[in-house]
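Reader: I am a first-year student, and I would like a close look at a single part of this protein. Please pick one place and explain how it connects to its surroundings.

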Amino acid sequence: KNFNDCIQNSNLIFSIGGDGTILSTVRKLHQNQIPVLGIHIGSLGFLAQCTENSLIDALNCIKSNDYKNDKRIILELKSDNKKYYALNDIVIDHGNSGRILKTKVYIDNKHINDYESDGIIINTPTGSTGYSLSSGGPIITPELDVFNITPISSHSLSARPIVLSSEKNISIKFTNEFIDAAITVDGQERIHISENSSIYIKKANHSALLIKLPFNDYISTLKEKLGWSGNSKEF
């Protein structure tokens, strides 16, 4: 209740920590999204816009209204009549089983593929630099209105990540060889499911609002966090 009261009386919210803190903050806001400024404390991170060293500059930008609200798409998961929201990704894996997970994936009710893998990742552009990236998925710049499906350690060389329009609806079923499975939302919420569980994923009706400061840009963040080489020189 106190958190909801805080939201109703706030124009923006500070998220102090790492990327995980920003993810949990956005989910706690539910449909009542207000701009979030990430203040980074930690090691690897892509979402926060400032650190302890640049905090004063960030606050001055906020005070002078010198910032933009960066709209990010959110995934909506509906499973067994319960709804969950993810800013980064939704992961379906083999749960407590050591066996591979065999999933049947449909897009707009049309069968696309049967994956035999350790699981599959459905991620937003925001989440493309997370688990999907480490599983061989593409980096997707956040202004694109798409999401991505990435298999985890697929047992087929033909299984590749696929980028889809966010207007598409994804549904997932399991084969008769189902043993166990679970869903993880933003790497933080764990949901155990059964063979007959329904799994539907689509773009949520609301979007996250991440504050973008004038002294930061996405490409520079990628270069810094991923250790890309080369000097930034104009042609």
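Author: What follows looks at one salt bridge and the pieces it joins, and then sets that place within the rest of the chain.

The model is predicted. The protein contains five helices and 15 strands. Its radius of gyration is 19 Å, close to the 18 Å that the globule rule gives for 235 residues, so the protein is as compact as a globular protein of that length. Along the principal axes, the C-alpha trace spans about 60 × 50 × 30 Å. Of the 235 residues, 47% are buried.

The part chosen here is the link between arginine 27 and aspartate 186. These two residues form a salt bridge, and their closest N and O atoms are 3.2 Å apart. Where do the two partners lie? Arginine 27 belongs to helix α2, while aspartate 186 sits in the loop between β13 and β14, so the pair ties together parts that are 159 residues apart in sequence. Side chains of opposite charge can pair when their charged atoms come close. Are arginine 27 and aspartate 186 buried or exposed? Both arginine 27 and aspartate 186 are buried. The link also has a third member: salt bridges that share partners join Arg27, Asp186 and Glu189 into one network.

Start with the helix side. Helix α2 covers residues 19-29. How many of its eleven residues are buried? Eight of them are, which leaves the helix mostly covered. The buried residues of α2 are Asp19, Ile22, Leu23, Ser24, Thr25, Val26, Arg27 and Leu29. Arginine 27 is therefore one of a buried set in this helix, being under 20% relative accessible area. Just after α2 comes histidine 30, with a positive phi of about 55°.

Now the hairpin side. Strand β13 (residues 181-185) and strand β14 (residues 189-193) run antiparallel and are joined by five bridges. One bridge partnership pairs isoleucine 183 with isoleucine 191 in β14. In a regular strand the side chains alternate between the two faces of the sheet. Between the two strands of this hairpin are three residues, and aspartate 186 takes a positive phi near 55°. Aspartate 186 thus has two roles in this account: a positive phi in the hairpin, and a salt bridge to arginine 27.

A little before this hairpin in the numbering is an aromatic pair. A search of the whole structure finds one such pair. Phenylalanine 174 and phenylalanine 178 form it, with 4.9 Å from centre to centre and 55° between the planes, a tilted arrangement. Phenylalanine 174 is buried at 9% relative accessible area, and phenylalanine 178 is also counted as buried, at 17%. Lysine 173 lies over the face of tyrosine 106, at 5.3 Å from the ring centre.

The chosen link can be set beside other salt bridges, of which the structure holds ten. One of them joins aspartate 70 to arginine 72, with the closest N and O atoms 3.0 Å apart. Arginine 72 is buried, at 10% relative accessible area. Another joins the side chains of lysine 104 and aspartate 114, at 3.2 Å from N to O. Lysine 104 lies in strand β7 (residues 101-107) and aspartate 114 in strand β8 (residues 110-117), so this pair ties together parts that are ten residues apart in sequence. Lysine 104 is partly exposed at 23% relative accessibility, and aspartate 114 is partly exposed at 36%.

Ties across the sequence also appear in the contacts. Among contacts between residues at least 6 apart in sequence, 66% join residues at least 24 apart. Asparagine 11, in the loop between α1 (2-8) and β1 (13-17), gives a local example of touching residues further along. Leaving out residues up to four places away in sequence, asparagine 11 touches Ile34 and Pro35. Asparagine 11 is exposed, with 70% relative accessible area.

Finally, the positive phi of aspartate 186 can be read alongside two other residues. Asparagine 65 is not a glycine, yet has a positive phi of about 60°. Asparagine 65 lies in the loop between α3 (55-63) and β4 (68-79) and is exposed, at 57% relative accessible area. Aspartate 80, again not a glycine, has a positive phi of about 50°. Aspartate 80 is found in the loop between β4 and β5 (82-86) and is partly exposed, at 38% relative accessibility.

Conventions
Residues numbered from 1 in each chain as written. Predicted model: local features only at pLDDT ≥ 70, side-chain atom pairs only at ≥ 80, totals over all residues. Heavy atoms only, no water. Phe/Tyr/Trp six-rings, centres within 6.5 Å; stacked < 30°, edge-to-face > 60°. Buried < 20%, exposed > 50% of the residue type's maximum accessible area, 1.4 Å probe, protein only. Lys NZ or Arg CZ within 6 Å of the ring centre and 35° of its normal. Pairing = 2+ DSSP bridges. Helix = DSSP H or I, 4+ residues; strand = E, 2+ residues; numbered from the N terminus. Contact = heavy atoms within 4.5 Å. Salt bridge = Lys/Arg side-chain N within 4 Å of Asp/Glu carboxyl O. Rg over C-alpha atoms; globule rule 2.2 N^0.38 Å.
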